[in-house]
Amino acid sequence: MSWLERIRPKIRALVSTSTREVPENLWVKCPACGQMIFHRELAANLYVCTHCGHHMRIGPKDRLAHLFDGGTFNTIEPPKVPVDPLRFRDSKRYSDRLKEAQGKEGRAPGQDAIVIAHGTIGEMPAVVACFDFGFMGGSMGIAVGEGIVAAAKLAVLQQAALIVVPSSGGARMQEGILSLMQMPRSVIAIDQVKEAGLPYIVLMTNPTTGGVSASFAMLGDIHIAEPGAMVGFAGKRVIEETIREKLPPEFQSAEFLVEHGMVDMVVARKDLRDTLIRVLGHLMRPNPPAEVIPFPAEQAAPPPTEPQPSLPAPAR
Ligand SMILES: [Zn+2]
């Protein structure tokens, strides 16, 4: 036996244990620029790529912790809903799919694709309904509809602002017509918040599509979107095939929708909290906190000493 054959198993053992000790998910590859980012660094940067600024998906817990004062908030118990009312089955039972999704990522029992939390944002009371895309693509079934209704009721009860953070592929097809019924239900719930004179803000994240964008997500007093978020109803390819026209490459992006009036502003994730505080301050505190000093009358409008030259008529 040569020395090489003798040490080879030892080297192999050494290499294999060292690779086993390093979990595969310590480094995350940015889907936009392909750079590798250390998971702690990525979490500290709110899941925004440190190289190119691409906004990756952020879970509801991290999202809520970022938005609320001091990262503290209370979540409400998910409303009780009938499970699998249509006894739907494709390649798997729908009830099994639900159980599987609930078991993942430490979700609370009965938790569906929405988390309702309340607390303060900039010392103003706020209820946040945050979608969980990891739960069946954030799809809206009865549980999500019930969640929106519960969030709206809670906002009215607490005289708080309602902020919805959609991240959804649309209606949940396993619940058929019952998922579509959540569209008018959620719209009525939002109306109750508006009737109570409370602000309703939609914070669109990637993606905000289908039945979600066709109902409560497009009814905000203010629409804020994250950079690069896809916001639309049907997919781009489906629209192109229907209208037989080529659509611009940036179609359905948050930036495109600002230009076309569907979104009020695109705000980077790190600035979302401050933007919300500013917007809520305008909407919830109509009186400025300091005393208003009247502008001196003599300085306000100096009397014209010379006759003002008349403006030329605009050329047509
Ligand atoms: Zn990147």
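Helix 5 and helix 7 of this predicted model run roughly parallel to each other, because an angle under 35 degrees counts as roughly parallel and the axes of helix 5 (residues 142–158) and helix 7 (residues 182–195) cross at roughly 5°. These two axes come within 9 Å. On the helix 5 side, the contact is made by Ile142, Val144, Gly145, Ile148, Val149, Ala152, Ala155 and Val156. Helix 7 contributes Gln182, Arg185, Ser186, Ala189, Ile190, Gln192 and Val193. By residue class, the contact divides into ten nonpolar, four polar and one charged.

The largest nonpolar core has 57 residues. Within this core, Val128, Ala129, Leu162 and Ile163 touch the most other members. Helix 5 gives the most to the core, with seven residues. In soluble globular proteins, nonpolar side chains tend to be buried together. Leaving aside residues up to four places away in sequence, Val128 touches Leu64, Leu67, Ala117, Ile163 and Val165.

Two of those partners, Leu64 and Leu67, are also among the buried residues of helix 3 (residues 60–67), which include Pro60 and Arg63 as well. Viewed down the axis of helix 3, the buried residues fall within an arc of 95°, so they line one face of the helix. An α-helix has 3.6 residues a turn, so residues three or four places apart point the same way. The buried residues of helix 3 pack against strand 4 (114–121), strand 5 (124–131), strand 6 (161–165) and helix 11 (269–284).

Backbone features in the loops are as follows. Asn206 and Pro207 are joined by a cis peptide bond, with omega about -10°. Pro207 lies in the loop between strand 7 (200–204) and helix 8 (210–213). Glu123 and Met136 each have a positive phi although neither is a glycine; their values and settings are tabulated.

| Residue | Phi | Loop | C-beta atoms of other residues within 10 Å | Class |
|---|---|---|---|---|
| Glu123 | about 65° | between strand 4 and strand 5 | 10 | exposed |
| Met136 | about 50° | between strand 5 and helix 5 | 22 | buried |

Which of the classes, buried or exposed, applies to Glu123? Glu123 is exposed, because 12 or fewer other C-beta atoms within 10 Å is the limit for that class and Glu123 has 10. Met136, in contrast, counts as buried with 22 C-beta neighbours inside 10 Å, since the class requires 20 or more.

Key
Residues are numbered from 1 along each chain as its sequence is written. This is a predicted model: local features need pLDDT of at least 70, side-chain atom pairs count only at pLDDT 80 or more; totals for chains, interfaces and linings use all residues. Axes are lines fitted to C-alpha atoms, for helices over the stretch in contact, and angles run from 0 to 180 degrees between N-to-C directions. Helices (H or I, at least four residues) and strands (E, at least two) are DSSP runs, numbered from the N terminus. Angles under 35 degrees count as roughly parallel, over 145 as roughly antiparallel, 65 to 115 as roughly perpendicular and the rest as oblique. Two residues are in contact if their C-beta atoms, placed from the backbone, lie within 7 Å. Ala, Val, Leu, Ile, Met, Phe, Trp, Tyr, Cys and Pro count as nonpolar, Asp, Glu, Lys and Arg as charged, and the others, Gly among them, as polar. A nonpolar core is a set of buried Ala, Val, Leu, Ile, Met, Phe, Trp, Tyr and Cys residues joined through C-beta atoms within 7 Å. The arc is that of the directions from the helix axis to the C-beta atoms.
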